[in-house]
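These are notes for a colleague opening this entry for the first time. Please look over the sequence and the model before reading the points below.

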Amino acid sequence: MRHGTRLGVDPGDARIGVARSDPSGMLATPVETVRRGKGDLARLRRIVADLAEETTVLEVVVGLPRSLHGGEGPAAAKVREFAASLAERLDVPVRLVDERLSTVSAEAMLRDQGRKGAKRRAVVDQAAAVVILQHALDTERASGAAPGEVVARTDEGTQS
């Protein structure tokens, strides 16, 4: 298991859930919900920078929505675009990991805790980010390999 803190991100149309791991990569915990729109990528960059002041940030893990059969639709295309934009703004790698059913799992977990209505909606994005990041941590621990796929930065390519 690689040592370093990871950030988990669940990008939605209205909000972006953010979670973080401990440096040993054992446990994901919620950080905040960022409103989607102007300044959202700057806020995520600030979260990473603030975290880097206290610990080594290894990477940012972004949930990639896939169908139950593993295919990618319009939502996945939007997340790929978001992840590419994020990767351009960060000094740490951005990885895409399968997030099938993460929001469903987060909703169920919050419902089981007795959170209802607006209170649940306010934290479901963070909870989904926790589910995504925890799955990535567990996958790496089980396989010994970093999860998902690295998002290529276009400024590292051979652009003319």
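1. Is E72 buried, partly exposed or exposed? This is a predicted model, and in it E72 has a relative accessible area of 38%. That value makes E72 partly exposed, because the class lies between the buried limit of under 20% and the exposed limit of over 50%. The side chain of E72 meets that of R80 in a salt bridge, with N and O 2.8 Å apart. R80, at 29% relative accessibility, also counts as partly exposed.

2. A second set of charged residues involves helix 1, which spans residues 40-52. D50 and R46 form a salt bridge whose closest N and O atoms are 2.8 Å apart. The two residues are four apart in helix 1, so about one helical turn separates them. D50 is partly exposed at 32% relative accessible area, and R46 is partly exposed at 39%.

3. R46 has another partner. Its side chain also meets that of E53 in a salt bridge, at 3.7 Å from N to O. E53 is exposed, with a relative accessible area of 64%. Over the whole structure, the search finds 15 salt bridges.

4. R6 deserves a separate look. R6 belongs to strand 1, residues 5-11, and is buried at 1% relative accessibility. A network of salt bridges links R6 with R2, E59, R95 and E140. The side chain of R6 also reaches backbone oxygens: that of R2 at 3.0 Å, and that of G4, which lies 2.6 Å from a polar atom of the R6 side chain.

5. What else does R6 touch, leaving aside residues up to four places away in sequence? Its contacts are M1, A19, R20, S21, P23, G25, L58, E59, L133, L137 and E140. E59 thus appears both among these contacts and in the salt-bridge network. E59 also stands opposite R6, in strand 4.

6. Strand 4 pairs with two strands named here. Strand 1 and strand 4 run parallel and are joined by five bridges. Strand 4 and strand 5 are also paired in the parallel sense, over five bridges, and G63 stands opposite V97 in strand 5. From strand 4 the chain passes through helix 2 to strand 5, a β-α-β crossover that is right-handed. Strand 4 is mostly covered, with seven of its eight residues buried.

7. The largest nonpolar core has 25 residues, and those touching the most other members are L44, V60, V62, F82, L86 and V94. Two or more residues each come from strand 1, strand 2 (15-21), helix 1, strand 4 (57-64), helix 2 (74-89) and strand 5 (94-98). Helix 2 gives the largest share, six residues. In soluble globular proteins, nonpolar side chains tend to be buried together.

8. For a closer view of this core, start from L44. Not counting residues up to four places away in sequence, L44 touches I16, V18, V34, F82 and L86. F82 and L86 are also listed among the core members that touch the most others.

9. Apart from the largest core lies another, of 10 residues. Its members include V97, A129, I132 and L137. Two of these names have come up already: V97 stands opposite G63, and L137 is one of the residues that R6 touches.

Notes. Residues numbered from 1 in each chain as written. Predicted model: local features only at pLDDT ≥ 70, side-chain atom pairs only at ≥ 80, totals over all residues. Heavy atoms only, no water. Buried < 20%, exposed > 50% of the residue type's maximum accessible area, 1.4 Å probe, protein only. Polar contact = N/O pair within 3.5 Å; in protein donor to acceptor, adjacent residues only side chain to side chain. Contact = heavy atoms within 4.5 Å. Core = buried A, V, L, I, M, F, W, Y, C linked by side-chain atoms within 4.5 Å. Pairing = 2+ DSSP bridges. Right-handed = clockwise from strand over helix to strand, strands pointing away. Salt bridge = Lys/Arg side-chain N within 4 Å of Asp/Glu carboxyl O.
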